[in-house]
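Q: Please take a close look at one sheet in this protein and at how its strands are arranged. Set it against the rest of the chain as well.

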Amino acid sequence: MSPLGEGILKDPVELVVGPDRTVAVVDRRATGSVIVIFAPDGGKHVTLRMVRSPLSLAFDAAGNLYAGTSNAIISKLRPDNTQLSGWTFAGDGVSDVDGSITKLAWVNGGLTGILVSGTAGVAPRLLSMNPAGAFERSGSFFVDPLDSQIETCTWHRVKLNGTIPNGTR
């Protein structure tokens, strides 16, 4: 029996096993970290580059894969047999914190992770995230005019990641 990933992995730094025995590994490479997925039967593997700077991984009970990144974003990947890789990018959930998500775990229907701050002198801490609705890739956003109610304040703004279809406003 040969070791899983022999000749494929360069510098594995994280490993998780899904509910169907799929194995996911964060592998550091000269061109940046990637996620390598090994099928439950030990056969086919795929290398995914759809998550920027992955550090940590966790599977949920449905087999979705979550990746914590070095820029405090949690990305969701969903099994999808219509894709050549067998996986599709289901979206990014913003953790609303600064730092790197170095460990993730699926606990009681939500994600729990260890956040290492990018700020010197700030101790690592736990974060938790309910993923319900956090990874939606379509929808509507309505907001009243932003007003901080602070006289002469000019810093109020909202950043949205998304695309607006042609012909809409």
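A: What follows covers the chain in outline, then the sheet, then two residues in loops.

This is a predicted model, in which local features need pLDDT of at least 70, side-chain atom pairs count only at pLDDT 80 or more, and totals for chains, interfaces and linings use all residues. Residues are numbered from 1 along each chain as its sequence is written, and side-chain values use heavy atoms, with hydrogens and water left out.

The protein chain has zero helices and eleven strands. Here helices (H or I, at least four residues) and strands (E, at least two) are DSSP runs, numbered from the N terminus. Of the 169 residues in the chain, 34% are buried; buried means under 20% relative accessible area, exposed over 50%, and partly exposed in between (1.4 Å probe, protein chains only). The chain exposes about 11,200 Å², and 51% of this comes from carbon and sulfur atoms. Such areas come from the Shrake-Rupley method with a 1.4 Å probe, and for residues only the protein chains shown count as cover. Among the contacts with a separation of 6 or more, 37% involve residues 24 or more positions apart, where a contact means heavy atoms within 4.5 Å.

Now the sheet. Three strands make up an open sheet in the order β9-β10-β11, with antiparallel pairing. Two strands count as paired if DSSP finds at least two bridges between them. The edges are held by β9 (100-107) and β11 (125-129); each has a single partner strand, so one side of each has no neighbour in the sheet. On average, neighbouring strands of this sheet are turned by 25° against each other, direction ignored. The axes behind this angle are lines fitted to C-alpha atoms, for helices over the stretch in contact, and angles run from 0 to 180 degrees between N-to-C directions. Strand β10 (residues 110-116) is joined to β11 by five bridges, and the two run antiparallel. Ile 114 stands opposite Leu 126 in β11.

Two loop residues elsewhere in the chain are also worth a look. Ser 53 lies in the loop between β4 (45-48) and β5 (54-59). Its phi is positive, about 60°, although Ser 53 is not a glycine. Ser 53 is partly exposed, with a relative accessible area of 30%. Ala 72 sits in the loop between β6 (65-69) and β7 (73-79). Ala 72, a residue other than glycine, has a positive phi near 60°. With 2% relative accessibility, Ala 72 counts as buried.
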